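Visitor: I'd like a close look at a single part of this structure, the one strand you find best placed to explain the rest. Could you walk me through it and its surroundings?

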Amino acid sequence: MSEQSISPTVQINTRGLRCPEPVMMLHQAIRKSKSGDVVEVFATDNSTSWDIPKFCMHLGHELLLQEECLDENGHKEFHYLVKKG
């Protein structure tokens, strides 16, 4: 499944927030979502690169996408798509 064919139900911007806020915001978004909904997360905290996959594994959600990219200013950021289990 390509990234273009996935339409997120919810988008959360956690840029500039530090652990544990990004995962807490994802947890809240997932809790409010229906099974099968996709939550898109944008983050700048390095710790999300292991926290979000662990969150998905432990709670039975599917990590559809995990990528590291550069924003328009050349700063590293992380992009995730998480499907509620």
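Guide: Let's start with one pair: the bridge partner of Q66 is Y80, in β4. This is a predicted model, in which local features need pLDDT of at least 70 and side-chain atom pairs count only at pLDDT 80 or more, while totals for chains, interfaces and linings use all residues. Residues are numbered from 1 along each chain as its sequence is written, and side-chain values use heavy atoms, with hydrogens and water left out.

So that the names are clear, helices (H or I, at least four residues) and strands (E, at least two) are DSSP runs, numbered from the N terminus. Two strands pair if DSSP finds at least two bridges between them. β4 covers residues 76–83, and it takes part in an open sheet of four strands with mixed pairing and the order β1-β2-β4-β3. The edge strands, each pairing on one side only, are β1 and β3 (62–70). Ignoring direction, neighbouring strands of the sheet are turned by 15° against each other on average; the axes here are lines fitted to C-alpha atoms, for helices over the stretch in contact, and angles run from 0 to 180 degrees between N-to-C directions.

On one side, β4 runs antiparallel to β3, and eight bridges join the two. Besides Q66, E67 has a place here, opposite H79 in β4. The hairpin of β3 and β4 has five residues between the strands, and G74 takes a positive phi near 85° there. Most residues other than glycine have a negative phi. The neighbour β2 (residues 38–43) pairs with β4 in the antiparallel sense too, over six bridges, with V38 opposite K83. One step further out, β1 and β2 pair in the parallel sense over five bridges, and N13 stands opposite F42 in β2.

Now for the cover. Six of the eight residues of β4 are buried, so the strand is mostly covered; buried means under 20% relative accessible area, exposed over 50%, and partly exposed in between (1.4 Å probe, protein chains only). Two helices lie across β4. Helix α1 lies across β1, β2 and β4, at about 165° to β1, where contact means heavy atoms within 4.5 Å. Helix α2 (residues 48–59) lies across β2, β3 and β4, and runs at about 5° to β4.

α2 deserves a pause. Its buried residues are T48, D51, I52, F55 and C56. These cover an arc of only 130° around the axis, which puts them on the same side of α2; the arc is that of the directions from the helix axis to the C-beta atoms. An α-helix has 3.6 residues a turn, so residues three or four places apart point the same way. The buried residues of α2 pack against α1, β2, β3 and β4, whereas M57 and H58 are exposed on the other side of the helix. Just after α2, G60 takes a positive phi of about 80°.

One last detail lies away from β4: the loop between β1 (10–14) and α1 (21–32) holds P20, and the peptide bond from C19 to P20 is cis, with omega near 10°.
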